[in-house]
Amino acid sequence: MASGVITRKSGAMMATARYLTRRNMTHGGSCCGNHHHPPPFERKKQQSCSRSLLGFWRFNSTKASAVDVYSSDEDVTNTKHHQGLDFPGGHVSYTHSLNFISKSSTQNRVPCYRVLDDNGVVIGGSSSNISGDLECQIQQQPLISQQTALKMYREMVRLQVMDTIFYEAQRQGRLSFYLTSTGEEAISVASAAALSSDDVVMPQYREPGVLLWRGFSLREFADQCFGNKDDYGKGRQMPIHYGSNKLNYFTVSSPLATQIPQAAGVAYALKMEKKDACVVTFFGDGSSSEGDFHAGLNFAAVTESPVVFVCRNNGWAISTNVSEQFRSDGIVVKGQAYGIDSIRVDGNDALAVYNSIRAARQMAVNQGKPVLVEFLTYRVGHHSTSDDSTKYRPMDEIEHWKVTRNPVSRFRKWVEGNGWWNEDEESELRSATRKQLLQAIQAAERTQKPSLKEMFSDVYDETPSNLREQQEQLREIIKRHPKDYPSDIPV
Amino acid sequence: MWGIVGQRACRHGSSAMSLQGTRPVIHALRSFSTAAKEMTVRDALNSAIDEEMSADPKVFLMGEEVGEYQGAYKITKGLLEKYGPDRVLDTPITEAGFTGIGVGAAYHGLKPIVEFMTFNFSMQAIDHIINSAAKSNYMSAGQISVPIVFRGPNGAAAGVGAQHSQCYASWYASCPGLKVLAPYSSEDARGLMKAAIRDPDPVVFLENELLYGESFPVSAEVLDSSFCLPIGKAKIEREGKDVTITAFSKMVGYALKAAEILSKEGISAEVINLRSIRPLDRATINNSVRKTNRLVTVEEGFPQHGIGAEICASVVEDSFEYLDAAIERIAGADVPMPYAANLERLAVPQVEDIVRAAKRTCYRSSSLAATA
């Protein structure tokens, strides 16, 4: 495929390519057919040609021969118009103007897609469609059903309550660590709602809403956080490093952005299987600085793998504000650079999240290609329990996002506006969830820790003899010197 | 001899290898027949990968220049034509990218073979190898397995300078969760490559550029498509009774030459081809030292924290009373590899160094602590 062709219409690119020279123009014949080209000696400087000059033609050869630029039926052998040059990568028009493509603007940023206004009212009262700029055959998206909406809202509330209780538990010293999704509840829950259960999710760490949607129980969350013997991770990892093969949610891994190229790999495997599924991988604004981001997006584009890259641009990477993280207009503009269709969405609007992920998924699966979605949002909580964000950002900024721009209450307004929810149900849900969580924590805390042999298993598929020996030795030592070891290790 | 081993036994790694019941006696007779055929290491690797790709559609290749260019060292010659671009991927130049993609594909159940043009470049991807491939099975408690093979030339070539010559055996071998293999002969290349591809754990497969073109005799056993070598078993290339010499990869050839020279001087050296760096076959090494009472370890890589250091520690821990002399450790010079031919020759172990070291353990020459 000729990668030099602009197949994604972009205003900026059009503007700089407007100035074409007609130096080698031979007389006669039509070019684009849209306007008159004077013979060379009379030509005016800087003709601007119409869009069809840059129309959709494809080029396979890189021979330096003269080429008919236009997709007309004109006799190509007749008149040769040298409107550009062939280079590896395709045909390129040239210009006499020394114009630099300006960097992405802070004044004129890519707009974000939203459905609900800040008061939870559908904007314009119209149904939310994806506008036609993207190459996709998405049908008109009706707003979601009451059932889906209520499930989404409930899980967002449960996520909020879960975050509050587990955070408190860490502060009480019962958990070593925790990190919340406060302010970003719509992103994980509504995304999950828009996916199928076959879609593989490769998270970063601020997306437990996906697990909640897919059915991970509060007890299962607690077991992982307490690292007890019921933890699917067998106590191997810090809290919040959840994983569930059954729910198609890859175990959280700490190094940032590694999941991005890995997602392209999983998507490649899915494509080879010809499965009706895609991969959805999440990462933050900070992770987009990692080399793996570049490698993953580049690769997915080249291998044409069905992966949806989802960036939670929440403004902060611990204490590093986005203005110190990159100088581009966020992450959405980077997708185009890799040849990936991209969209920017209001991440605090549950309906916008749902619609955009649904559309992105369809594009990825039906067209076998990657898609980039940037959710603009705000990290209301601290980065984790090891952070105090009031030290580097103003309290009133945090308050503003916590109250006025809260995604949960915004969605609540829409759900209540439809008559699907009320105050009683709200307090019932919150208190029931709180109670379930406290019970789950108590139970998880009391459950036995994993046994000694789980220290040595899973290093390899089969435990090798040297590890079995070490295990036996350690068991002997513990038996002989029990005072030197905690009494609650099942040996 | 190990050619008899069947596929099932390959997966048991360093656990006790049982030969009984895997192959009937008739195969044992066949393996003693003289091998008429010779095969280069390059062809051995190519045929092993080809056969495994043919047998299992999940196996696929990835790397720079592996397809159209037929492989930077022609190891993957002909495979793109045979299996198509879906299974032989020419990648953009991002080690981190294609290693990450490979790991992801392995997470989902494919069996990627990821080629590094040299293991020196694997450092650009080492986070994916260590933090993802090696640790995922453990950290996910068995939910995520990573049946991936990372392969490519390792160690010094000829005249390629510091950034193309480092040996990464000890870097990878220190990491639990990885298996690290280093073939020497064509038989090793075939058997270990097949074992690596079939193994459900991530395997680092360290080849050697200078060995690619060398020919070795191969028996009918080795040429059979079901041939496989066990991971975690060293091979005694030459039996002896006076001194044990351990080596891997290209240094096995040097050790054998040294043994030949030593035998003319009345010293019978036992040469052990490690084949597997992790898991290390401590049993074979220790049994040999208990027999000979002397040990020389040979490696091309840097001496500090090297393979020889680990072998030395193992023998001192397990067979201290059997040692009649201090252990000699032959390794590359502790400098980044220089380019000039004379300097390069001085920076890598030579056969004479091994001979002198063996003699020192036999008290046949005075010990010079700092020099080889």
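Buried, as used in these legends, means under 20% relative accessible area, exposed means over 50% and partly exposed lies in between (1.4 Å probe, protein chains only). The model is predicted, so that local features need pLDDT of at least 70 and side-chain atom pairs count only at pLDDT 80 or more, while totals for chains, interfaces and linings use all residues. Residues are numbered from 1 along each chain as its sequence is written, chains are lettered from A and ligands numbered from 1 in the order in which they are written, and side-chain values use heavy atoms, with hydrogens and water left out.

**View 1. A salt bridge in chain B between Lys233(B) and Asp281(B).** The closest N and O atoms of this pair are 3.6 Å apart, a salt bridge being a side-chain nitrogen of Lys or Arg within 4 Å of a carboxyl oxygen of Asp or Glu. Lys233(B) belongs to the loop between α10 (220-223) and β9 (235-238) of chain B, and Asp281(B), 48 residues apart from it, to the loop between β12 (276-278) and α12 (282-292); helices (H or I, at least four residues) and strands (E, at least two) are DSSP runs, numbered from the N terminus. Asp281(B) counts as buried because its relative accessibility is 5%.

**View 2. A salt bridge within helix α15 (residues 351-361) of chain B.** Asp353(B) and Arg356(B) have their closest N and O atoms 3.2 Å apart. Because the two residues are three apart in the helix, about one helical turn separates them. Asp353(B) is buried, with a relative accessible area of 13%, whereas Arg356(B) is partly exposed at 40%.

**View 3. A salt bridge in chain A between Lys234(A) and Glu454(A).** The closest N and O atoms are 3.7 Å apart, and the pair links distant parts of the chain, with Lys234(A) in the loop between α5 and α6 (259-273), Glu454(A) in helix α14 (residues 453-456), and their positions 220 residues apart. Lys234(A) is partly exposed, with a relative accessible area of 24%, while Glu454(A) is buried at 16%.

**View 4. The surroundings of Gln224(A) in helix α5 (residues 218-226) of chain A.** With 4% relative accessibility, Gln224(A) counts as buried. A polar atom of its side chain lies 2.9 Å from the backbone oxygen of Met238(A). Leaving aside neighbours within four places in sequence, Gln224(A) is in contact (heavy atoms within 4.5 Å) with several residues, among them Asp231(A), Pro239(A) and Tyr242(A).

**View 5. Strand β10 (residues 341-346) of chain A and its partner β11 (residues 371-376).** Six of the six residues of β10(A) are buried, so the strand is largely enclosed by the rest of the structure. Asp341(A), Ile343(A) and Val345(A) lie on one side and Ser342(A), Arg344(A) and Asp346(A) on the other. Six bridges join β10(A) to β11(A), and the two run parallel; strands pair if DSSP finds at least two bridges between them. Val371(A) is the bridge partner of Asp341(A).

**View 6. The side of chain B that touches chain A.** Here 43 residues of chain B are in contact with 41 residues of chain A. His108(B), Tyr138(B) and Gln143(B) supply 22% of the area that chain B buries against chain A, more than any other three residues; buried area is the accessible area (1.4 Å probe) that two parts lose on being put together, summed over both. Between the two chains the count of salt bridges is zero.

Terms used: A polar contact is a pair of N or O atoms within 3.5 Å; within protein, one must be able to donate a hydrogen and the other to accept it, and residues adjacent in sequence count only if both atoms are side-chain atoms.
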